Amino acid sequence: MVGILIVTHGNFGTELLKSAELIIGKQENVETLGLNHGDSVDELYKKVKEAIQKLDTGGGVLILTDLFGGSPSNVAAASLKGNKIRVESVSGVNLPMLIEALDLRTRENLPDMVNQIIQTGIEGIKNIRVELKERSNSV
């Protein structure tokens, strides 16, 4: 099983996981870390490194972050180096991506998961007005 670590600004990751669990049920081997105003980025880095060690059960660890170039994403990028554990990271996490990652992690390897969750994240973004219009025109 691939471990999942969600690293975001504030409580976004925690709330995102709660929302996913509301839909698909309680999850194991998932952690969230948030960076709040005044928090130390160095301390977040230490927590990320510790969480990677804790979450790896042999399948590696996927780190999901909220904003590319933000401190959580930069910490995740720094954490990719120097691990004996396979670690991948994807930014721009959204609920469809997280649900897909939680679903795939028991049956897909980590590199294959990355491509699939990115695609799911992209496909989850819709202009609702356009979608409704297209559906009403096809009936």
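In which helix does Thr120 lie? In this predicted model, Thr120 belongs to helix H5, which spans residues 110–123, and the views below begin with this residue before turning to the sheet and to the helices H1 and H4.

**View 1. Thr120 of helix H5 and its contacts outside the local sequence.** Thr120 has a relative accessibility of 17%, and because buried means under 20%, Thr120 counts as buried. When its neighbours within four places in sequence are left aside, the residues in contact with Thr120 are Pro96, Met97 and Glu100.

**View 2. The open sheet of four strands, in the order S2-S1-S3-S4.** The pairing throughout this sheet is parallel, and its edges are formed by S2 and by strand S4 (87–90), each of which pairs on one side only. Neighbouring strands are turned against each other by 20° on average, with direction ignored. Helix H4 packs on the sheet and touches S1, S2, S3 and S4, while the direction of H4 makes about 160° with that of S1.

**View 3. Strand S1 between its partners S2 and S3.** Strand S1, made up of residues 3–9, is mostly covered, with six of its seven residues buried. S1 is joined to strand S2 (residues 30–35) by six bridges, the two strands running parallel, and within this pairing His9 has Leu35 of S2 as its bridge partner. With strand S3 (residues 61–65), S1 pairs over five bridges, again in the parallel sense, and here Gly3 is matched with Val61 of S3.

**View 4. The pairing of strand S3 with the edge strand S4.** Four bridges connect S3 and S4, which pair in the parallel sense. Val61, the bridge partner of Gly3, also has a bridge partner in S4, namely Val87.

**View 5. The crossing of helices H1 and H4.** The axes of helix H1 (residues 12–24) and helix H4 (residues 95–104) come within 10 Å and cross at roughly 60°, which means that H1 is oblique to H4. This crossing of H1 and H4 is right-handed. On the H1 side the contact is made by Leu16, Leu17, Ser19, Ala20, Ile23 and Ile24, and on the H4 side by Leu95, Leu98, Ile99 and Leu102. Sorted by class, the residues in the contact of H1 with H4 are nine nonpolar and one polar, with no charged residues.

Key: Residues are numbered from 1 along each chain as its sequence is written. This is a predicted model: local features need pLDDT of at least 70, side-chain atom pairs count only at pLDDT 80 or more; totals for chains, interfaces and linings use all residues. Side-chain values use heavy atoms; hydrogens and water are left out. Axes are lines fitted to C-alpha atoms, for helices over the stretch in contact, and angles run from 0 to 180 degrees between N-to-C directions. Angles under 35 degrees count as roughly parallel, over 145 as roughly antiparallel, 65 to 115 as roughly perpendicular and the rest as oblique. A crossing is left-handed if the near helix is turned anticlockwise from the far one by less than a right angle, and right-handed if clockwise. Contact means heavy atoms within 4.5 Å. Ala, Val, Leu, Ile, Met, Phe, Trp, Tyr, Cys and Pro count as nonpolar, Asp, Glu, Lys and Arg as charged, and the others, Gly among them, as polar. Buried means under 20% relative accessible area, exposed over 50%, partly exposed in between (1.4 Å probe, protein chains only). Two strands pair if DSSP finds at least two bridges between them.
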